[in-house]
Amino acid sequence: MLTKRIIPCLDVRDGKVVKGINFVGIKEVGDPVELAKAYDEQGADELVFLDITATSDDRKTMVDVVQRVAREIFIPFTVGGGIRSIQDIRTMLLAGADKVSLNSSALKNPQLIAQGAKMFGSQCIVLAVDAKAREDGSGWDAYVAGGRINTGKDVLEWVKEATKLGAGEILLTSMDADGTKAGFDMKLTQAVRDAVSVPVIASGGCGSLEDFAQVLKNDTADAALAASLFHYGELSVSQVKDYLKEQGVHVR
């Protein structure tokens, strides 16, 4: 059985790590390089770095911050935000990223997934999905621009299309659960898990050790991503892994 991964996430704005609730009420929580180094030392399996305003500000991801983080860590590193072209993907990989996360640009130009997978391999292309439940309960829509714009695209249809094009992994964020610490959105995560055959990273809503166990023990997700729990020192990665081992979850 493949081991489950624990992944801290650095949402970066203006060079600082920030966190909000339901994608709003953003607060600064620290320096990305220092936090990245700390998570590597705690035993994180991977790290995700998202430049959360690159797309809405219509600018490139902060290459210098990516380079500085990459120099300090020795674990796989995914970078997203403002990546719009094959050249942008190449730039991030050369700056030290192991994978790139595509969201708005992939919805605008799905062929970017296919081109990126062909040139760099599917393992480098992560599809980031910001999903929000429709009010009528009929499913979920994919949002872009840091959760500001509803594309009207059905999440399950989109993940199927994207994985056929070559996306090697899904980074699935529940906008409804994000920052609430009320637990991962199990219904959404399971629905995406059932729709695709690539690994799924659950994101949004983790508030306790039990939440990690729930989403990983039942094989609803391959990895669990969290931010504020780690950033505010409520839990360390090593504490999470020790607990999961006690619960019979295979972790590194």
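# Group meeting talk: helices, loops and buried residues

Let's start with the parts list. The protein has 10 helices and 12 strands. Is its radius of gyration close to what the globule rule gives for 252 residues, or far from that value? It is close: the radius is 16 Å, and the rule gives 18 Å, so the protein is as compact as a globular protein of that length. Keep in mind that this is a predicted model.

Now the overall dimensions. The C-alpha trace spans about 45 × 45 × 40 Å along its principal axes. Of the 252 residues, 57% count as buried. Next, take the contacts between residues at least 6 apart in sequence. Of these, 65% join residues at least 24 apart.

On to the helices. Helix H1 covers residues 32–42, and helix H2 covers residues 63–72. Their axes come within 9 Å and cross at roughly 25 degrees. Angles under 35 degrees count as roughly parallel. So H1 and H2 are roughly parallel to each other. What is the handedness of the crossing of H1 and H2? It is right-handed.

Which residues make that contact? From H1 we have Pro32, Val33, Ala36, Lys37 and Asp40. From H2 we have Val65, Arg68, Val69 and Glu72. Sort these residues by class and you get five nonpolar, four charged and no polar.

H2 has another partner. Helix H3, residues 86–95, packs with H2 at an angle of about 35 degrees. The axes of H2 and H3 are 8 Å apart. On the H2 side, the contact uses Val63, Val66, Gln67 and Ala70. On the H3 side, it uses Thr91, Met92 and Ala95. By class, that contact has five nonpolar residues, two polar and no charged. Put the two contacts side by side: H1 with H2 has four charged residues, while H2 with H3 has none.

Stay with H3. Which of its residues are buried? They are Ile86, Asp88, Ile89, Met92 and Ala95. What covers them includes H2, strand E5 (77–80), strand E6 (99–102), helix H5 (111–120) and strand E7 (125–133). Met92 and Ala95 are buried, and both also take part in the contact with H2. After H3 comes Gly96, with a positive phi near 125 degrees.

Next is helix H7, residues 186–195. Its buried residues are Met186, Leu188, Thr189, Ala191, Val192 and Arg193. Their cover includes E7, strand E8 (140–144), helix H6 (155–165), strand E10 (169–174), strand E11 (200–203) and H8. E7 appears here, and E7 is also part of the cover of H3.

Now some loops. Lys181 sits in the loop between E10 and H7. What is the sign of phi at Lys181? It is positive, about 60 degrees, although Lys181 is not a glycine. Partly exposed means between 20% and 50% relative accessible area. Lys181 comes to 32%, so it counts as partly exposed.

Asp219 lies in the loop between H8 and E12. Its phi is also positive, near 60 degrees, and Asp219 is not a glycine either. With a relative accessible area of 39%, Asp219 is partly exposed.

Asp222 is in the loop between helix H8 (209–217) and strand E12 (223–226). Is Asp222 buried or exposed? Its relative accessibility is 16%, so it counts as buried. Leave out residues up to four places away in sequence, and Asp222 touches Thr3, Lys4, Arg5, Arg193, Val198, Pro199, Val200 and Leu216. Arg193 is one of the buried residues of H7. For a sense of distance, take Arg68, which is 154 residues from Asp222 along the chain. Their C-alpha atoms are separated by 28 Å.

Last stop: Glu46. It lies in the loop between H1 and strand E4 (47–51). At 5% relative accessibility, Glu46 counts as buried. Which residues does Glu46 contact, leaving aside its neighbours within four places in sequence? They are Arg5, Ile6, Ile7, Pro8, Ile75, Pro76, Thr78 and Lys99. Thr78 is 32 residues from Glu46 along the chain, and their C-alpha atoms are separated by 7.8 Å. Arg5 is in contact with Glu46, and Arg5 also touches Asp222.

Technical notes:
Residues are numbered from 1 along each chain as its sequence is written. This is a predicted model: local features need pLDDT of at least 70, side-chain atom pairs count only at pLDDT 80 or more; totals for chains, interfaces and linings use all residues. Side-chain values use heavy atoms; hydrogens and water are left out. Axes are lines fitted to C-alpha atoms, for helices over the stretch in contact, and angles run from 0 to 180 degrees between N-to-C directions. Helices (H or I, at least four residues) and strands (E, at least two) are DSSP runs, numbered from the N terminus. Angles under 35 degrees count as roughly parallel, over 145 as roughly antiparallel, 65 to 115 as roughly perpendicular and the rest as oblique. A crossing is left-handed if the near helix is turned anticlockwise from the far one by less than a right angle, and right-handed if clockwise. Contact means heavy atoms within 4.5 Å. Ala, Val, Leu, Ile, Met, Phe, Trp, Tyr, Cys and Pro count as nonpolar, Asp, Glu, Lys and Arg as charged, and the others, Gly among them, as polar. The radius of gyration is taken over C-alpha atoms; the globule rule is 2.2 Å times the number of residues to the power 0.38. Buried means under 20% relative accessible area, exposed over 50%, partly exposed in between (1.4 Å probe, protein chains only).
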